[in-house]
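Let's walk through this structure together, one question at a time. Have the sequence and the 3D view open as you read.

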Amino acid sequence: MIQLDKQYEPGEVEKRWGRFWEEKNFFHADETRESPAFSIVIPPPNITGRLHIGHAFNNTLQDILTRWKRMQGCNALWQPGTDHAGIATQNVVEKQLHEEGADRQDLGREAFVKRVWKWRNESGGTITNQLKKLGCSLDWERDRFTMDEGLSKAVREVFVSLYEEDLIYKGDYIINWCPRCHTALSDLEVEHQDMQGYLYHLKYSVKDSDDFLVIATTRPETMLGDTAVAVNPNDERYQKYKGKKLILPVLNREVPLIEDDYVDTSFGTGALKVTPAHDPNDFELGRKHQLETINIMNPDGTMNSLAGPIYEGLDRFECRKKLISNLKDSGILIKIEDLNHSVGHCYRCRTVVEPYLSKQWFVKVKPLAQPAMKAVRDGSIKIVPKFWENTYFEWMENIRDWCISRQIWWGHQIPAWNCNTCGEVVVARETPNSCSACSSTDLVQETDVLDTWFSSALWPFSTLGWPEKTASLKRFYPTSVLCTGFDILFFWVARMIMMGLKFMGDVPFKDVYIHALIRDAEGQKMSKTKGNVIDPLEVMEKYGTDALRFTLAAFAAQGRDIKLAEDRIEGYRNFCNKLWNASRFVFMNLEDYKGSCVLDKRSKFSSADLWILSRLNRATKEVNEALEAFRFNDAALTVYKFIWNEYCDWYIELTKSKLASPGRERVAAQNMLIHVLDSALKLLHPFMPFITEEIWQKLPQDENSIMVSPFPEYREAQTNEAIEKEMALIMEVITGIRNIRGEMNLNPGLKLNVLVKTQSSETQQTLKYHGEYVRELARVEKLEAGSNVVKPKVSASSVLGEMDLIIPLEGMMDFQEERNRVEKELKKIEKDLIFLDKKLSNPNFVKKAPVDIIEKDEQRKKSLSLKQVKLEIHLKTIEQGLC
RNA sequence: AGGCGCGUAGCUCAGGGGUAGAGUACUUGCUUGACAUGCAAGGGGUCGGCGGUUCGAAACCGCCCGUGCCUACCA
């Protein structure tokens, strides 16, 4: 006989089954298998990452889908992998070097990259192991890394193809530069933050005149690179200076006054200093008006020689300080205003980014964006929840070219070679030996690497073997669902759609499920710097992995951020224990059971048996439907309620009388208990893989693992309305009795006699037939039901539908308690009747409302009135007793 | 500056044109032979405010207040 401990202890169980699944290779998807494919690619976590609550959430949802589909018989692939995270990883290793008193320049490129690989091989797998702990059923055999040979080949293929089609180009443009990471960033990699800054008003004198113009700027140090001042052509104030030159303070350079209606007359003074090398707008103005560009900054954010001898070598912010101080002394600075404006920061290191003119590589995105928008518009890709589609379209419509070159060492080096002899740029799939133009062998490869997101954009097909035409690619592409947070909708999702369509000729996934972000109890985004992180590993340690997973699923309602509360996790930990103990009860009653979990058609099933089967069937339907629609919370709560509120609270209790003595009813109950437990465990398995496997393995069944057993399906014939109605009546009577017992503070152990007065012969039959249930669950000695029941003077009573529930209490009646109870009830009835009366006496309601609503209300009014009359009579007898 | 969410029980959150639900917390009573990480019963909400549509609004629409986020070339 199988005995369970009194409490569920997750720690050891999780380790054991985690190992078991991996050993049995259950997570593996075989590309040669013919069953319908279901595939998901994991959003590859950074190799620098540690599992945070967002990962836990994201991956729990994917695992739920994967396990569910796998159990449904699909050839289910959940593709694992990690991302090389160029800047982030380089930063980690550079920091290490720094601690050793060195920097990457000391090592040189080759040695540095080698060092990063070493770090990756030693520490890059942390998150992989943590995902295993979370129970993720990823096909580890297929683990990929964005810097793998195969994926690198894919990157080259895509780069060269795009270049050949003129969709990749190189040029001098203003980009976002991080002076700390020493690299260009794409627009997306800049995080804007509102900051309190200053608007400095500076005097620029007009050449050959005593007049001056006042310009306003937030970044005064850039004036050293000014090559013009712009005003609006319609601005009255500046008409008289048309065509004049201005003298740039400090450097005393002559700059022209140009006119452009881009200039907003209402901002600042209406006069705009123009620095084409250090501001994106000024860059555009500069091109339009053919202005000179003067780059006054070094890549590390210090000023270069063009900034003049006083400022050369100073950091940009020191320069600002010193410059302002000097300008103040020389009377150039007129005033300083407070200004709240948004400042861009590097998303990897939080340094203020600098708009910076430099030579970079770009992807021409517009031609790729068109089909990507169409795919979503025509439904080839569905974004769930739908409202994210708007965000997607808005971004795609305004998309600008994507800066893909990064001046770092860790990443895919751009497959372009510069010929030192003739200056030709050779872009090739294979490393060329000689220049395609002049045959010189003096070729030097481009030092820049590609944006990490460039390789991520290929993820859904590069992981499956592309550019080779693999069987996996054929079987699993397009993938079924992409599951991710909205924070990388543009970074990643949009780009995968563009690249998938371009290179595979098909969408990379059919559904995109966008889930919420997890925040702390105050609604703040969790971050290490704020110190408000919830560590999922700690939670798993304390409450068990299943409890965490279930909590996350229960919170996963669509379209709302999640404020994670620890007491919810505790609640679901208790649910694990509840399930554990229900199972414990079942096993305690199986010692003489010879059957299996399969329903035995010849069994003599009781009404309770058929009832739970019917309820199980409904729950099964709801779980499948909810998961189909990505309503994880509905699915989770349905299983929860079924197990706790139906199986445990009612069914187990109802079986106790049947189990009490040997016989056909006992066997039937045993059969149904384990059949339903088996199914419930399966329904719960995708959410709580560990505890379900642990219990399920002890059930009499001959399959290998619950994770590869068939998921329950809805069966029309198992829904039994008549039985559900019958049992609802029984439960109503039981609850009615318990209510009186509780409200009147009657001793729980006290056996009561109960009379039910009812005109319905059906009700009489049901109560007669199932009297045992009532006697057991409501602690009743004698139960009598009939139309001529006589109510003793000293009794408690309530009205349940058309039934009068009467509990004789001769000698133990607390009249005051009973009066309070009945008066409370009457008060509520009165309130309801007033409401209904008002509604039903409204001629418009009767005229316009649907018939079934009117009928329902009329029915309710009738039964409430009847109940009221009965209770008032009862109240009178009580009051007699009080005198 | 535009755009998108959210505001429901003390707390954390579901729901959604026909008189409000869960978990947790709270009150009362229970060492009932699965479970005190439990059982039974109970209290608790003019569903942010104001208008509108409707026979009927917490739900749909508009405005306002509060709150969170995203996008943007706010010198």
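Q: Which residues is Phe 687 in contact with, leaving aside its neighbours within four places in sequence?
A: This is a predicted model, so contacts here are computed from predicted positions. Phe 687 reaches Ile 64 and, further along the chain, Leu 627, Phe 632, Ala 635, Ala 636 and Val 639. The rest of its partners are Asp 546, Arg 549, Phe 550 and Ala 553.

Q: Which residues touch the most other members of the largest nonpolar core?
A: This core has 200 residues, and Phe 687 is among those with the most contacts to other members. The full group is Tyr 392, Phe 454, Met 499, Tyr 647, Phe 687 and Ile 737.

Q: Which helix gives the most residues to this core?
A: Look at residues 632–659 in your view. That stretch supplies 14 residues to the core, and it is helix 20.

Q: Why does this core lie between domain 2 and domain 3?
A: Domain 2 covers 414–447 and domain 3 covers 543–719. The core lies between them because residues come to it from both domain 2 and domain 3.

Q: How many residues does the second, separate core have?
A: Apart from the largest core there is a separate one, which includes Tyr 204, Tyr 238, Tyr 241 and Met 303. Its residues number 37.

Q: Is helix 17 largely enclosed or open, and how many of its residues are buried?
A: The buried residues of helix 17 include Thr 545, Asp 546 and Arg 549 as well as Leu 548, Phe 550 and Phe 555. Helix 17 is largely enclosed by the rest of the structure, because its buried residues number 11 of the 11.

Q: How do the axes of helix 17 and helix 22 cross, and what is that arrangement called?
A: Helix 17 spans residues 545–555 and helix 22 spans residues 689–696. Their axes come within 7 Å and cross at roughly 125°. That angle makes helix 17, relative to helix 22, oblique.

Q: Which residues of helix 22 meet helix 17, and how does the contact divide by residue type?
A: From helix 17 come Thr 545, Asp 546 and Arg 549, and they meet Pro 689, Phe 690 and Ile 691 in helix 22. By type, the residues of this contact are three nonpolar, one polar and two charged.

Q: Is Phe 57 buried or exposed?
A: Phe 57 sits in helix 2, residues 53–71. Beyond four places in sequence, Phe 57 touches His 515, Ala 516, Ile 518, Leu 552, Ala 556 and Ile 562. With a relative accessible area of 1%, Phe 57 is buried.

Q: What is the relative accessible area of Thr 293?
A: Thr 293 is found in the loop between helix 8 (280–288) and helix 9 (316–329). Not counting residues up to four places away, Thr 293 touches Pro 276, Ala 277 and Leu 357. Thr 293 is partly exposed, and its relative accessible area is 40%.

Q: What distance separates the C-alpha atoms of Asp 487 and His 515?
A: Asp 487 lies in the loop between strand 22 (479–485) and helix 15 (489–504), and is partly exposed at 41% relative accessible area. Along the chain, Asp 487 and His 515 are 28 residues apart. Their C-alpha atoms are separated by 9.7 Å.

Q: What separates the centres of domain 1 and domain 4?
A: Chain A is divided into domains, among them domain 1 (183–355) and domain 4 (814–883). Taken over C-alpha atoms, the separation of their centres is 78 Å.

Key:
Residues numbered from 1 in each chain as written. Chains lettered and ligands numbered in written order. Predicted model: local features only at pLDDT ≥ 70, side-chain atom pairs only at ≥ 80, totals over all residues. Heavy atoms only, no water. Core = buried A, V, L, I, M, F, W, Y, C linked by side-chain atoms within 4.5 Å. Buried < 20%, exposed > 50% of the residue type's maximum accessible area, 1.4 Å probe, protein only. Helix = DSSP H or I, 4+ residues; strand = E, 2+ residues; numbered from the N terminus. Domains from an automatic or database assignment. Contact = heavy atoms within 4.5 Å. Axes fitted to C-alpha atoms, helices over the stretch in contact; angles between N-to-C directions. Parallel < 35°, antiparallel > 145°, perpendicular 65-115°, else oblique. Nonpolar A, V, L, I, M, F, W, Y, C, P; charged D, E, K, R; others polar.
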